[in-house]
Amino acid sequence: MEQSNDKEGHDVVGGHFDLPVKKAINFSPPLYRQRYSFVNDLVNQHKPKKVADLGCGNASLIQMIKSHSCLELIVGVDINKDKIGSQRCRLSPFSGEYLSPRDLNLSIILYHGSAVERDSRLLGFDLVTCIELIEHLDAEDLARFPEVVFGYLSPAMVVISTPNSDFNPLFPAVTLRDSDHKFEWNRKQVQTWALGVAGFYHYAVEFTGVGEPPEGAEHVGYCTQIGVFRKVGAPATEPCVAEQCGQHIYKIVYSVSYPSLQQKEVRKLALANEVSRQVQSMRQRYVSSLRILQRGEGNGHQVSDTGLVTFSGPVFTELEKLKIEKSPEPFRFGNKLYVPLERLLAYPKVNRLCDSVDTMRALIADTVRLSRDGSAVKVDLRDASP
């Protein structure tokens, strides 16, 4: 039988009026992304070094936050081994991350395991996230959850999100939002549970949420309710006793380390690339200046005594520019252009990668051509002569 809608938006079936149909609620951005963005903003604000995502699923949250420079370890735990095992390619470093490496080391580890199991490798974390997790726990696991997360792991901060059942009547279906949900709490139930947990384990908790209700339904609150728990008093990283530190229950599914400037080979590669880029830039400016002089077009162009056009390219601060100007200038000898290492060290990006001429020389000696005394990089001008 065909079904149509009348002008009032009611279902009309066989010429008879049925109950009004509730319109679907669309969130923009999607609700799951609003939840992840909330955590992403917390990471940006509090700068944690170690983050664990319990119930990480397809690792989308990890994918979002991994670019933060403060992070040194991100751990994901999920009971679905197949789901987390399929995320390797999306978490692997890109080629660009080797050319522009991080300042600090970053490791990402995905574990197969349950959020209500104790594993000592998750002790001492700055932030533990449980996004849309607790509603999947049965009564026994829900009772164990606070003991493990707040009592045993005891991180500096815990973020828990869960559906707000007060919002459910606004949806076309009034049953649980997911067939795997064991329960869905209203705001009063969540706050009663959270305040009890926070008080027992010495945390303070604040309540917020994401997913604004439609106009006229503000009384139901956010679609997703969020509790942010902060440890009161004791530091996040506490010495663990011997029997705790030996508990390795989770199974590693995937592990990766990202390139960083703390790794010697990565630093060498980054420095060699930056030195080569600066030297080639100076070489091109030198060639351009010679062409200008040969055509008699030097008027109006700033050309130094060595024939180098001055400062075309990156924008420097006045202090950076002064530092470069005071450093030894590049010079030509025969068909070779020599760029002193002291000159290169004056450039901010090079200086960030090494702190002295001696360090630079040691790191680039087997990658670029140096002068006989090792004080300058030399480059051939013959294939670029005007």
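In what order do the 3 strands of the open sheet come, and is the pairing parallel or antiparallel? The order is β12-β13-β14, and the pairing is antiparallel. At the edges sit β12 (331-333) and β14 (376-380), each pairing on one side only. Strands here are DSSP runs (E, at least two residues), and helices are runs of H or I with at least four, numbered from the N terminus. Two strands count as paired if DSSP finds at least two bridges between them; β12 and β13 (residues 336-340) have 3 bridges. Along the way, F331 stands opposite Y338 in β13.

A quick word on what you're looking at: this is a predicted model, where local features need pLDDT of at least 70, side-chain atom pairs count only at pLDDT 80 or more, and totals for chains, interfaces and linings use all residues. Residues are numbered from 1 along each chain as its sequence is written, and side-chain values use heavy atoms, leaving out hydrogens and water.

Now hop over to helix α6, which covers residues 139-153. Its 15 residues reach 21 Å from first C-alpha to last, close to the 21 Å expected (1.5 Å times one less than the number of residues). There's a kink of about 25° at F145, shortly before the proline P146; that bend is the angle between axes fitted to the seven residues ending there and the seven starting there. Both F145 and P146 are among the buried residues of α6, buried meaning under 20% relative accessible area with a 1.4 Å probe, protein chains only. Just after the helix, S154 takes a positive phi of about 45°.

Technical notes:
Buried means under 20% relative accessible area, exposed over 50%, partly exposed in between (1.4 Å probe, protein chains only).
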